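Here are my notes for someone opening this entry for the first time. Please keep the sequence and the 3D view side by side while reading.

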Amino acid sequence: MGRAQYSCVLWDVDGTIADASAGILPRIATVLAEFGKPPTPADRVNEWIGPPMLESFQTIAGLSADEALRAVTAYRELAGRQGYAESVRLYDEVTDVIHDLALAGVPQSTASTKPQNQVEAIFEHFGLSDLFVSVHGASPRPDAHDTKADVLGRALDDLRSRGVDLSRPVLIGDRHHDVEGAAEYDVPVIFARWGFGSPAEEAGAAHVVDAPNDLRALLLTDDRAAVS
């Protein structure tokens, strides 16, 4: 097992640990149709994955603030009926990294703008819960305006209260929201290119990785390589 390069690791979820697009995008299309809106153009669908849903219904779909609130409520009700872990797949090699970090004793948490109850349901379904010190997501209230910085701040406060060393934290994410939110706390970001972000969103990240094995190499030093 390797030695940790960071004192704790915080994870974004959508596009970083899990790909929930197979469930998210059809639900969004259903809700947009209820508001008389056309489907999102193919070249913009990835923009839905990651940012706060309340924001996206306004910036991507062009709904008013009141309409966006009703759209989020409808979306959450639909997701709840279908099951939060339904149509979700994990990036298998990423879960391998999570297991390796846990074996190395590195405290892990999440800082996701996905509602916290949904993150908890996905982790419970896939057996990841015990690998994390804590799980943090956005408030499940449809009118919540939690940003990445809001959630990250709560996660850092919680880790601090648990006695976790915050001298060298890192956030792993795939959208510019991760980079911008982490910058408010001077937390470096490792940008995961297997997610839903565009190359333009990488600006400001401390590192950019193409594959989970590259991520592991940044997070853990192989003791065997160090000896040789």
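1. Start with L171, which sits in strand β6 (residues 169-173). This is a predicted model, and what follows describes that model. Is L171 buried or exposed? Its relative accessibility is 0%, so L171 counts as buried, the cut-off being under 20%. Leaving aside residues up to four places away in sequence, L171 touches L10, W11, D12, A111, D178, A182, V187, P188, V189 and I190. A203 makes a useful distance check: 32 residues separate L171 from A203 in sequence, and their C-alpha atoms are 15 Å apart.

2. Next, the cores. The largest nonpolar core has 50 residues. Which of them touch the most other members? They are W11, I17, F57, F123, F132, L215 and L219. Helix α3 (residues 65-82) gives this core its largest share, five residues. A second core is separate and has 15 residues, including L10, V164, L171 and F191. In soluble globular proteins, nonpolar side chains tend to be buried together.

3. Look closely at F132. Its contacts, not counting residues up to four places away in sequence, are W11, I17, I98, Q108, S109, T110 and F123. Among these, W11, I17 and F123 are also on the list of core residues that touch the most other members.

4. Helix α4 covers residues 92-103. Does its length agree or disagree with the expected span? Twelve residues at 1.5 Å a residue should span 16 Å, and the end C-alpha atoms are 17 Å apart, so the two agree. The buried residues of α4 are V94, T95, V97, I98, D100 and L101. An α-helix has 3.6 residues a turn, so residues three or four places apart point the same way. The cover over the buried residues of α4 includes β2 (8-11), β4 (89-90), β5 (108-110), α8 (212-219) and β9 (220-221). After α4 comes G105, with a positive phi near 80°.

5. Now pair α4 with α8. Their axes come within 9 Å and cross at roughly 20°. An angle under 35 degrees counts as roughly parallel, so that is how α4 runs to α8. The crossing of α4 and α8 is right-handed. On the α4 side, the residues that meet α8 are E93, V94, V97, D100 and L101. On the α8 side, they are P212, L215, R216 and L219. Both L215 and L219 appear again in the core list of point 2.

6. Helix α6 (residues 148-161) deserves the same look. It has 14 residues and reaches 20 Å from its first C-alpha to its last, close to the 20 Å expected. Its buried residues are K148, A149, V151, L152, G153, A155, L156, D158 and L159. Note that K148 and D158 are on that list. The cover over the buried residues of α6 includes β2, β5 and α7. Just after α6, G163 has a positive phi of about 80°.

7. How do α6 and α7 (residues 176-183) cross? Their axes come within 8 Å, at roughly 55°. The two helices are therefore oblique to each other. The crossing of α6 and α7 is right-handed. K148, A149 and L152 of α6 make the contact with H177, D178, G181 and A182 of α7. Of the α7 residues, D178 and A182 also touch L171.

8. Another helix pair is α1 (residues 21-34) and α3. They pack at about 135°, with their axes 10 Å apart. That angle makes α1 and α3 oblique, therefore, to each other. The crossing is right-handed. I24, R27, I28, T30, V31 and E34 of α1 meet A71, A74, Y75, L78, A79 and Q82 of α3.

9. Finally, check two backbone angles. Most residues other than glycine have a negative phi. S87 has a positive phi, near 60°. It lies in the loop between α3 and β4 and is partly exposed, with a relative accessible area of 37%. D186 has a positive phi of about 55°, though it is not a glycine. Its place is the loop between α7 and β7 (189-192). D186 is exposed, with a relative accessible area of 71%.

Definitions and conventions:
Residues numbered from 1 in each chain as written. Predicted model: local features only at pLDDT ≥ 70, side-chain atom pairs only at ≥ 80, totals over all residues. Heavy atoms only, no water. Helix = DSSP H or I, 4+ residues; strand = E, 2+ residues; numbered from the N terminus. Expected span 1.5 Å × (residues − 1). Buried < 20%, exposed > 50% of the residue type's maximum accessible area, 1.4 Å probe, protein only. Contact = heavy atoms within 4.5 Å. Core = buried A, V, L, I, M, F, W, Y, C linked by side-chain atoms within 4.5 Å. Axes fitted to C-alpha atoms, helices over the stretch in contact; angles between N-to-C directions. Parallel < 35°, antiparallel > 145°, perpendicular 65-115°, else oblique. Left-handed = near helix turned anticlockwise from the far one by under 90°.
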